[in-house]
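Thanks for sending this one over. Here are my notes, point by point, to read with the model open beside you.

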Amino acid sequence: MTKPSIIEPAASPCATRRAQTSEDDTLCQVNDHVSCAACCGLYNVAVPSRNALVLILRTRTKQFKTTPRTVDAIFQFKKQVEMREGQNRPMPDFHHCPFIGLIGAAQSTVGCLLHPQAAGNNGMDFRSVSYYGGMTCHIYFCPSTRLLPLRYKQIVRSVLDDWYLYGLIVTETRLLIAFFEELEDRINRPLYAEDFTAHRDCREALKYLFLLRVSWPFRSPDNHRLANYFFNDHLYARPTIQPPSSGKSISRYRLILQELETDTTSEQTLRQAEVYLDDRFKLVQHALETA
């Protein structure tokens, strides 16, 4: 397995880090319930449902709690995790880190068991024994950190209250931009976090839209992965959506349909997908206009 080229091109890693680690820009650890470990391959597992992942992460976290903090013991922990869970990955060359666990006082977010602030590490940083090494954790920021407008990042951070959906949607740069641009076009003004934090109906309607990332019923039947490969080497790029065989054009939702990996072999299915999207957008639009 080769390591993906995960360092985004920039003037310098240090400059990128200074520019992207303000409180408003932080996407990895948001609060006591919201965090993201997508770049560590969290969702690149055979069964990526929330319940399945929680079971995996709870088991790891419990085991690591009793693991001596020595290099040999940590490597033994890694071997045991990989043997127990298996290595069947939807994207074989996208590394899934065995050191992802549940962190925090209530173990209510996902994060790195090797981090110096993780329970039992006593301030010691053990990330150097991980696949990417400790330096990557210091200098890498996902494309969403750089490409999403600040107000979009603030909306996602403030609307979602659970790590599972948050990690799946916040890394979907193109999909999120398409979602928000469609909504802004409908209400004819920019959106801000206050539109949702101040109005529960708006917040719930937007979360319902975001849930399409998990529950899209028109996904191509041969697509068995939920994880998004967002690294800049495009190893697992999503295929460009093709028009139906009838030759009719695809609607303004073309990008969204592509990012949701829609099956377009049937014109009837494609039109149903467009109506499905339209209904979800109308719910958010109505909530915003009547707030």
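**Notes on the predicted model**

1. Let me start with Phe-231, which sits in the loop between α11 (212–215) and α12 (254–259). Please keep in mind throughout that this is a predicted model. Although Phe-231 is a loop residue, it is buried, with a relative accessible area of 2%. Have a look at Cys-142 as well: its C-alpha lies 7.7 Å from that of Phe-231, while 89 residues separate the two in sequence.

2. For the overall picture, the protein chain has 13 helices and two strands. Of its 291 residues, 49% are buried. Among contacts with a separation of 6 or more, 70% are between residues 24 or more positions apart. The chain exposes about 14,500 Å², and carbon and sulfur atoms supply 54% of that area.

3. Helix α2 is a good place to check the geometry. It covers residues 50–65, and its 16 residues should span 22 Å at 1.5 Å a residue; the end C-alpha atoms are 22 Å apart, so the two values agree. The buried residues in α2 are Leu-53, Val-54, Leu-57, Arg-60, Thr-61, Gln-63 and Phe-64. What do they pack against? Their partners are α3 (71–85), β1 (100–103), β2 (109–112) and α7 (163–170).

4. You may wonder about the cysteines: how many disulfides are there? The count comes to zero. Cys-28 is in no disulfide, and the nearest cysteine sulfur, in Cys-39, is 6.1 Å away. Cys-28 is partly exposed, at 46% relative accessible area. For Cys-40, the closest cysteine sulfur is again that of Cys-39, but at 4.1 Å it is too far for a bond, because a disulfide requires the two sulfur atoms to be within 2.5 Å. Cys-40 is also partly exposed, with 29% relative accessibility.

5. Now the charged side chains. Side chains of opposite charge can pair when their charged atoms come close, and the model has 19 salt bridges. One of them joins Lys-78 and Glu-82, with 3.1 Å from N to O. Both residues lie in helix α3, four residues apart, or about one turn of the helix. In an α-helix there are 3.6 residues a turn, so residues three or four places apart point the same way. Lys-78 is partly exposed at 23% relative accessibility, and Glu-82 is partly exposed at 22%.

6. A second helical pair is Arg-271 and Glu-274, whose side chains meet in a salt bridge of 2.9 Å, N to O. These two are three residues apart in helix α13, so about one helical turn separates them. Which partner is buried and which is partly exposed? Arg-271 is partly exposed, with a relative accessible area of 25%, whereas Glu-274 is buried, at 11%.

7. The salt bridge between Arg-225 and Glu-261 links distant parts of the chain. Its closest N and O atoms are 3.9 Å apart. Arg-225 belongs to the loop between α11 and α12, and Glu-261 to the loop between α12 and α13 (267–290), with their positions 36 residues apart. Both residues are buried. They also belong to one network, joined by salt bridges that share partners, made up of Glu-172, Arg-174, Arg-213, Arg-219, Arg-225, Arg-238, Glu-259 and Glu-261.

8. On the surface, Tyr-208, Leu-211, Val-214 and Leu-283 make a nonpolar patch of about 310 Å². Leu-211 is in the loop between α10 (200–210) and α11, and it counts as partly exposed at 36% relative accessibility.

9. Finally, two backbone angles for you to look at. Most residues other than glycine have a negative phi. Gln-107 is not a glycine, yet its phi is positive, about 50 degrees. Gln-107 lies in the loop between β1 and β2 and is partly exposed, at 40% relative accessibility. His-234 likewise has a positive phi, near 55 degrees. His-234 is in the loop between α11 and α12, and at 56% relative accessibility it counts as exposed.

Terms used
Residues numbered from 1 in each chain as written. Predicted model: local features only at pLDDT ≥ 70, side-chain atom pairs only at ≥ 80, totals over all residues. Heavy atoms only, no water. Buried < 20%, exposed > 50% of the residue type's maximum accessible area, 1.4 Å probe, protein only. Patch = residues over 30% accessible without salt bridge, like charges linked within 9 Å, V, L, I, M, F, W, Y side chains within 5 Å. Areas by Shrake-Rupley, 256 points an atom, 1.4 Å probe, with all protein chains shown as cover. Salt bridge = Lys/Arg side-chain N within 4 Å of Asp/Glu carboxyl O. Expected span 1.5 Å × (residues − 1). Contact = heavy atoms within 4.5 Å.
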